[in-house]
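Here's a relaxed walk through a structure you may not have met before. Take a look at it first, and then we'll go through some of its parts one by one.

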Amino acid sequence: MNTWWLRKPTFRRELATLFALIVVLGYSTYRLFQNMVPAALDPRSELLAAIDGVINDAFGTAAEPTLVIPIGAILGLMILISLDHYKYLYGYLLFAATVIGFLALIQDPTVLDPTNWQWAENLPFLAVGVAVGVIGGGLRRDRSGGTDDQPLTHDYLKQRGRPGAKLEFGAALPRLLYVLGGLLVFFLFEYIVEYSLSPPGVSGFNTSGIGIDVVATGCVLVVLWTVRTYTADTNILLVGASRSGKTTGMAGLGYTAGMYTDVHADRPLKKLTDEFKERGFDGIESTTANENIPVQLSFKHGFLFPRRINLRTIDYAGELIESGSGGDTRNVRVPKPADDDPTVTDSFNEAFDVARYMRWRRDSEGDEAFIGGVEPVGINPRDEKFSWPYDAKSGGALEEAAVMQYVVQDMMYYADSIGLVLPMDDFGRYAAENRAPEWSTITRDGELGGVGDRGSYLDVFDKVYDRLGGGEYTHEGDQYQGKGNDVFYLFTFADVAIPSFQDEHEEVAQPATDRPEAFRTHILERFIPEYDATKYMGGLYAESAGHAGVPEYEPDNARMVNFDVRESRSETESSPELEDQDHPVLHGTRELLDRLGRRWR
């Protein structure tokens, strides 16, 4: 049995959340329905009794519709939540809390004695309440037809027509919050305020035990408020040089992620994915200096309490972070948080929208359309709100590659996660001592062939970690702590380590998928210490990059992406989709998605 998810930090965090929810919801619900709710309904609210009288006179019944209809609406909303692809566990927990509340309530028969209930009279009103909850929980405006055409529809009807679509009722939990919140506030009012309608007036206040009941009410509302939505946003930037695997990694991620989770990609990523499927890893061309491809990807992340993570990132030319003697190469100026004005844009989304506009304009002038559409998208970088530095202009006009350099810089500053991309084919002779990966050739000097000159880009890794991660740096003579962004290392072309892994461990064709933890440990223990002797290891310290000695990696911050396409021979842990050799697969995708999904807002 494959139990890899039991070892994941995400699962452990969700398990702690589940325990906290059970304790908080269980105790708070029992407290409210044992104390506050009976006290609020005994004596019977004059307002509720008056409304019940009007309804009973109209239908000739002897029911309690003001109590039964809200209960039915709550049950209807819980039914939708229990069917939701993301929030089902919350529905189960709320059903359990309802049972606890009912058991606590019937212990005080002066309020509700089930043996004296008019069940036949109340069931129709209960059904009405359930219908109201089921219908109201999924009712929304259909905005797919544009601003002028927004008819009412239901989430179930919209998703029923989509092949393979998962049921999602995004508004059900927030609306349940409003209903329960309104009821709890009403019960709290009935509990505290002693009033009469005839003649109208307030005769006193009941404050007995009110402190605990207010806290219990607050706990229930806070829990529901914090879990009211299942979507979250995260922004990431991969920092890597030319031919380090950024573009291929994104294309492979868009294609392979669907094997592990529910994925929705935007048009630019789908275009990359289509090229990846048709041509394989060798068919993906490097992004040129004046190009950029902003991509958006949403995926399901989590186990017990999954979320739909909306991820934004950008594919850019590696030359933007390389340094060299040529006039067209530049170094990204990694912003210092200590500066008064470290960025040009105000947020990741704003920088992303600038990149989208530049991509759209480039598409409109050429034959390739990643964005599409005749109307401009994003934000024009020529907007007067932006103050681009002088070196981003040429003769008064903006120079696209220079603007992109600052866009990448700003995205780096605002990103929730920053992946430092280290291509393992740079490991050269050490990686090729015994056998070479299938995609490579060996030069006369014993090096891996086809590896481009990536420049001295690892000094950028130094700055990224020290200024934006957990390191330290000096600014105008003062010492500063890094900004605290999430920084991790992404080792691409990790199949260079497969031969040595097989020699020392076992014959597993895809260790990045079948034995991810053992593969990661093998690379960190065998490759990194050896590689540290070369000039390329400057910026990969777990501590500040100014420290000397062999770097100490935090294993959870290392992600292996394997570009190999060989068949997996594991019979116990490999996904069956990975055995199809006709399609290229980015192995290690599941580990990477898990890492990306853990930092969200």
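## A helix tucked inside

Let's start with helix H18, residues 589-596: 8 of its 8 residues are buried, so this helix is largely enclosed by the rest of the structure. Among those buried residues of H18 are Thr589, Leu592, Leu593 and Leu596, and charged ones such as Arg590, Glu591, Asp594 and Arg595 are buried as well. Keep in mind that what you're looking at is a predicted model.

Now zoom out. The protein has 18 helices and 15 strands. Of its 601 residues, 50% are buried. How much of the contact total comes from residues 24 or more positions apart? Counting contacts with a separation of 6 or more, such residues account for 70%. As for the outside, the accessible surface comes to about 27,900 Å², and carbon and sulfur atoms hold 53% of it.

Next, pick out a lysine, Lys300, which sits in strand S7, residues 292-301. Does Lys300 have a salt bridge, or is it without one? Lys300 is buried yet has none. A salt bridge would need a side-chain nitrogen of Lys or Arg within 4 Å of a carboxyl oxygen of Asp or Glu, and the nearest side chain of opposite charge to Lys300, that of Asp262, is 4.6 Å away. Asp262 still turns up on the list of residues that Lys300 touches, beyond those up to four places away in sequence. The others on that list are His85, Tyr86, Thr261, Pro306 and Arg307.

For a residue on the outside, go to Asp340, in the loop that runs between strand S8 (307-316) and helix H11 (348-365). Asp340 has a relative accessible area of 83%, so it counts as exposed. Together with Asp341, Glu476 and Asp478, Asp340 forms a negative surface patch.

Our last stop is Val134, in helix H5, which covers residues 119-138. Is Val134 buried or partly exposed? Its relative accessible area is 28%, so Val134 is partly exposed. Along the chain, Val134 and Ile79 are 55 residues apart, but their C-alpha atoms are separated by 7.3 Å. Setting aside neighbours within four places in sequence, Val134 is in contact with Gly76, Leu80 and His154.

How values were computed:
Residues numbered from 1 in each chain as written. Predicted model: local features only at pLDDT ≥ 70, side-chain atom pairs only at ≥ 80, totals over all residues. Heavy atoms only, no water. Helix = DSSP H or I, 4+ residues; strand = E, 2+ residues; numbered from the N terminus. Buried < 20%, exposed > 50% of the residue type's maximum accessible area, 1.4 Å probe, protein only. Contact = heavy atoms within 4.5 Å. Areas by Shrake-Rupley, 256 points an atom, 1.4 Å probe, with all protein chains shown as cover. Patch = residues over 30% accessible without salt bridge, like charges linked within 9 Å, V, L, I, M, F, W, Y side chains within 5 Å. Lys, Arg positive; Asp, Glu negative; His and termini not counted. Charge placed at Lys NZ, Arg CZ, Asp CG, Glu CD.
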